[in-house]
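Colleague: I'm new to this one. Could you show it to me and explain the labels as we go?

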Amino acid sequence: MKITELYKQKKNVLSFEIFPPKKDSELKSIDKTLEILCELSPDYISVTFGAGGSSNHNKTIEIAKKLKEEYHVEPVVHLTCLCYDKSEIDEFSKQLAYEGITNILALRGDSNPDVPPKTDFAHASDLIAYLKQKGDFCIAGACYPECHPQSENRVQEIRCLKKKVDAGAEVLLSQLFFDNNFFYRFVEDCRIAGIDTPITPGIMPVINASQIKRMVTLCGASLPKRFERIIHKFEGNKTALFDAGMSYALSQIIDLLANDVDGLHLYTMNNPAVARKICEGIKNII
């Protein structure tokens with residue numbers, strides 16, 4: 001099923017993100033993670049995609065196949081383009097079509113010092129337009145409520161996002177943020193610009209201080225004072241930080257749901273305990 005149909009059928013579409021283990025030897029261990037996550041009845045699960053090398057393709061596709069065939073949960077496969085040419089994208093799209101996987105999150109991808117960039121695709125919008133010619137795929141795009149770190153300003157950010165939608169992106173999944181007001185203003189700007197696709201907020205609960213600081217540096221999300229105080233107060237106590245971080249995330253999510261967002265995309269970090277606690281906290285309101 002194309003995920004656009006899910007957004008048409010219900011409010012509060014629930015989705016998770018997972019990533020393939022780095023080591024092939026750890027691939028089997030992800031079954032337990034998938035089992036627990038799928039028990040929580042997400043509408044779909046996205047599977048990330050590493051930059052460079054066919055082994056990354058294989059891990060992503062293998063997990064997507066498991067989701068679809070064994071757990072009967074719709075997968076969304078991430079696909080980056082900065083380090084790939086058209087022939088490589090052709091090969092990957094053919095594999096997806098063969099496996100019956102129809103949903104793709106099309107991304108430019110981060111620069112990798114070990115993998116030189118190629119020239120066929122400069123932007124995610126280029127990949128989206130190309131994939132639309134290659135098969136009957138449902139394409140999702142990424143968006144940044146606080147602007148992509150490389151954007152000059154908000155106007156340029158919205159213009160680039162409009163290009164993605166015009167190229168064929170049918171759903172938008174947001175990067176993480178910690179202040180809901182940024183998301184609400186971003187959605188309003190998108191609607192004014194004529195972007196009418198579902199825009200799903202992405203939430204990452206804080207359970208590891210160093211991890212969240214790294215993610216914030218990469219994606220450009222700002223830290224509200226209240227959030228900074230939580231990290232500073234509890235970063236030396238893993239249990240306390242987990243509980244405080246989950247409470248903060250739940251407060252964000254409840255506010256988002258109260259404001260009738262199109263769905264909820266949870267960055268699970270392959271930690272089923274995070275997803276379970278969130279789902280238990282919102283089970284009566286989603």
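Colleague: What makes lysine 10 count as partly exposed?

Modeller: Happy to explain! Buried means under 20% relative accessible area, exposed over 50%, and partly exposed in between (1.4 Å probe, protein chains only). Lysine 10 has 36% relative accessibility, so it counts as partly exposed. A word on the source: this is a predicted model, where local features need pLDDT of at least 70 and side-chain atom pairs count only at pLDDT 80 or more, while totals for chains, interfaces and linings use all residues. Residues are numbered from 1 along each chain as its sequence is written, and side-chain values use heavy atoms, with hydrogens and water left out.

Colleague: Why is aspartate 43 called buried?

Modeller: Its relative accessible area is 15%, so aspartate 43 falls on the buried side of the cut-off.

Colleague: How do you know that the side chains of lysine 10 and aspartate 43 meet in a salt bridge?

Modeller: A salt bridge needs a side-chain nitrogen of Lys or Arg within 4 Å of a carboxyl oxygen of Asp or Glu. For lysine 10 and aspartate 43 the N to O value is 3.1 Å, so the rule is met. Lysine 10 lies in the loop between α1 (3–9) and β1 (13–18) and aspartate 43 in the loop between α2 (30–39) and β2, so the pair ties together parts 33 residues apart in sequence. Helices (H or I, at least four residues) and strands (E, at least two) are DSSP runs, numbered from the N terminus. Across the whole structure, the search finds 16 salt bridges.

Colleague: Why is the pair of phenylalanine 121 and tyrosine 130 called edge-to-face?

Modeller: Rings of Phe, Tyr and Trp (its six-membered ring) pair if their centres lie within 6.5 Å; planes under 30 degrees apart count as stacked, over 60 as edge-to-face and the rest as tilted. By this rule there are eight aromatic pairs. In phenylalanine 121 and tyrosine 130 the centres are 5.4 Å apart and the planes at 70 degrees, so the pair is edge-to-face. Both of these residues are buried.

Colleague: And what makes the pair of phenylalanine 178 and phenylalanine 227 stacked?

Modeller: Here the centres are 4.3 Å apart and the planes at 25 degrees, so this pair is stacked. Phenylalanine 178 lies in the loop between β6 (171–176) and α7 (180–192) and phenylalanine 227 in helix α9 (residues 225–234), so parts 49 residues apart in sequence are tied together.
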